[in-house]
Amino acid sequence: MSYTTTTVEHLPSKEEITTRVSRLRLVGDHEPEVHNNGEEQRPGPKYPAYLPVWDKTKFPDWEEVPYVDPGSRATSDKRNLFLPGSTHRQITPAIGEEIEGVQLSQLDSKGLDDLALLAAERGLLVFRKQDFKDIGPEKQLEIVRHFGRLHIHPTMGHPEGYPEMHVVYRDPKDSTISRYVKPNEVQKISSVSWHADHVAEIQPPGITFFFALEAPPAGGDTIFASATEAYNRLSDEFKKRLEGLLVVHTNKDMLAHSEASGGPVRFSPKETLHPLVRTHPVTGEKILAIHGGHATRIYGYKQEESDYLFNFLLDVLAKGHDFQTRVHYEEGTVAVWDNRTVIHSALYDFKGDERRHVVRIAAMADKPK
C-alpha cells in the first residue's frame, strides 16, 4: 500500500466558489442579547468578522514540495528578534519562552527567521499585548506564510473567505455551532487529549500561530509538552530500539465524523507513514513523534504490541511535568509553537457561559525524516 498517494481535483475559481458553495454562518451572537425587561445582557463577539463558516469547498490534495526551513537562515543570537528594549525569559528550563517588547506585526523577514529558530529550540513562544489580532487577515496570513504553505483544515470552520484560518470558537448561546461541539461538555473525566496538529499530512504543520480575540478570565488554556526533551529522557539502549520504526497516521475518522455531522470534507482521506523518531531539519535534535489523534499504530507491529509501545511513550509525555507548561490566553496573546517539537492539548475547563474565540494559522513544513 502507498501511504502518500493522493487524488488531485481542480480547485474551482473564486467566482465558482461564491456561486456553488453552501455556507453555514454563525449569526446568533452578533448583537447584544436583550431580555424581556429590556435590559441589555452580554454583548456579542468583539470580532464578528472572525466567526466561523463551514464552507464545503473541495481543495486539491496536498502534494510534497521542496521545503527550506526559515530557521536555517537565522542568527544564533536572534538579534533580529530580540530588538533593543525587548526582554525574554524561559518559562521552564525545558520548554517555552515569554517575550515582551516585540510586536510580531513589525518583524521583518530576518526577524521571522530568528523566530523560527527560537521556536524550534524552545518549542513554544508566548507574546503578550500584541496588535496582531487587529492587523487584518491579509497581513496575518502574509506573516505566517513566511514559514511555509498555509494549512487548510479539512473539516473545521474558518472566517468567510479565509480557509487558511482555523477558528476555535466556543459560545453556548450559538445554536449552529452545537452541531460540531458542545461547549464545556466533557465526555471523559479529563478533557486532556495530547496531540500534534495534522500529522497525517505528507508535510505536517511546523510553525503555528494561535492568537486570542476573546478569552475567559480563567481556564481555556493550552498545555504543551516538549517531544524533544521527552526523547532525551529515554535511555540510550531504549532509543536504539525506536530507531527505524514508522507510525501509521490517518485522518479518516475525522473526515467521516464531519461528513456524518453534515460538515465539510475538503480533502481526500490521508494515510501516511512517518518515523517514530524524527530529526528537526535545523537544530538536528531528535524528536519523539508520538501522539494521540491521527497516529494509530506502529507499522509492522501486531496491534497488542503497538498498543503496548504507544501507551508507554504517551505516558512518558503525559507524565513529564518537568518538560511541560501551559499558556493562559488574554486578548492580544499570541502563542507561537513548532508543531514538530511539541505536543499540546486544549483544556475545556472554563465556565459554560463564557466565550473563547481564538484563531490558528499553521505553516506546513518538511516531510518528517
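**A walk from the largest cavity outward**

Let's start inside: strand E12 (271-275), strand E14 (286-288) and strand E18 (342-346) each contribute at least two residues to the lining of the largest cavity. Keep in mind that what you're looking at is a predicted model. That cavity holds about 150 Å³ of space. Its lining runs to 18 residues, and Val199, Arg278, Ala289, His291 and Asn339 are the ones closest to the centre. Sort the lining by class and you get 12 nonpolar residues, four polar ones and two charged ones. Searching the whole structure turns up three cavities of 30 Å³ or more.

Now zoom out for a moment. The protein has 369 residues, and 54% of them count as buried. Its secondary structure adds up to seven helices and 19 strands. How do the contacts spread along the sequence? Take those between residues at least 6 apart, and 82% of them join residues at least 24 apart.

And how much confidence does the predictor put in all this? The average pLDDT for the protein is 87, with 85% of the residues scoring at least 70. Residues 1-36 are another story, with pLDDT below 50, though in the model this stretch still has 85 contacts beyond near neighbours in sequence.

Back to single residues, beginning with His198. You'll find His198 in the loop between strand E8 (166-170) and strand E9 (205-214). Is His198 buried or exposed? Its relative accessible area is 6%, so His198 is buried, as the cut-off for that is under 20%. Setting aside residues up to four places away in sequence, His198 touches three other histidines by name, His151, His153 and His294, along with Pro154, Pro204, Pro205 and Arg360. With Arg360 there's also a polar contact: the two side chains come together at 3.0 Å.

The backbone of His198 deserves a look too. Most residues other than glycine have a negative phi. His198, however, has a positive phi near 55 degrees, and it isn't a glycine. Lys78 is another case, a non-glycine residue with a positive phi of about 60 degrees. Look for Lys78 in the loop between strand E3 (52-53) and strand E4 (87-90). Lys78 counts as buried because its relative accessibility is 6%, and anything under 20% qualifies.

Next, follow the chain to E18, one of the strands that help line the largest cavity. Thr341 lies in the loop between strand E17 (334-338) and E18. With a relative accessibility of 2%, Thr341 is buried. What does Thr341 touch, leaving out residues up to four places away in sequence? Its partners include Ala119, Ala120 and Gly123, then Ala225, Ser226, Ala227 and Thr228, and finally His280 and Ile287.

Go on past E18 and you reach Phe350, in the loop between E18 and strand E19 (356-364). Phe350 is buried as well, at 2% relative accessible area. Which residue is worth finding alongside Phe350? Try Ala215: the two sit 135 residues apart along the chain, yet their C-alpha atoms are separated by 9.6 Å.

Methods: Residues are numbered from 1 along each chain as its sequence is written. This is a predicted model: local features need pLDDT of at least 70, side-chain atom pairs count only at pLDDT 80 or more; totals for chains, interfaces and linings use all residues. Side-chain values use heavy atoms; hydrogens and water are left out. Helices (H or I, at least four residues) and strands (E, at least two) are DSSP runs, numbered from the N terminus. Buried means under 20% relative accessible area, exposed over 50%, partly exposed in between (1.4 Å probe, protein chains only). A polar contact is a pair of N or O atoms within 3.5 Å; within protein, one must be able to donate a hydrogen and the other to accept it, and residues adjacent in sequence count only if both atoms are side-chain atoms. Contact means heavy atoms within 4.5 Å. pLDDT is the predictor's confidence in each residue, from 0 to 100. On a 1 Å grid over the protein atoms alone, a cavity is a set of points where a 1.4 Å probe fits but cannot get out, and a pocket is an open set with protein on both sides within 12 Å along at least five of seven lines; lining residues have an atom within 4 Å of a point. Grid points are joined across faces, edges and corners, and a volume is the space filled by probe spheres set on the points. Ala, Val, Leu, Ile, Met, Phe, Trp, Tyr, Cys and Pro count as nonpolar, Asp, Glu, Lys and Arg as charged, and the others, Gly among them, as polar.
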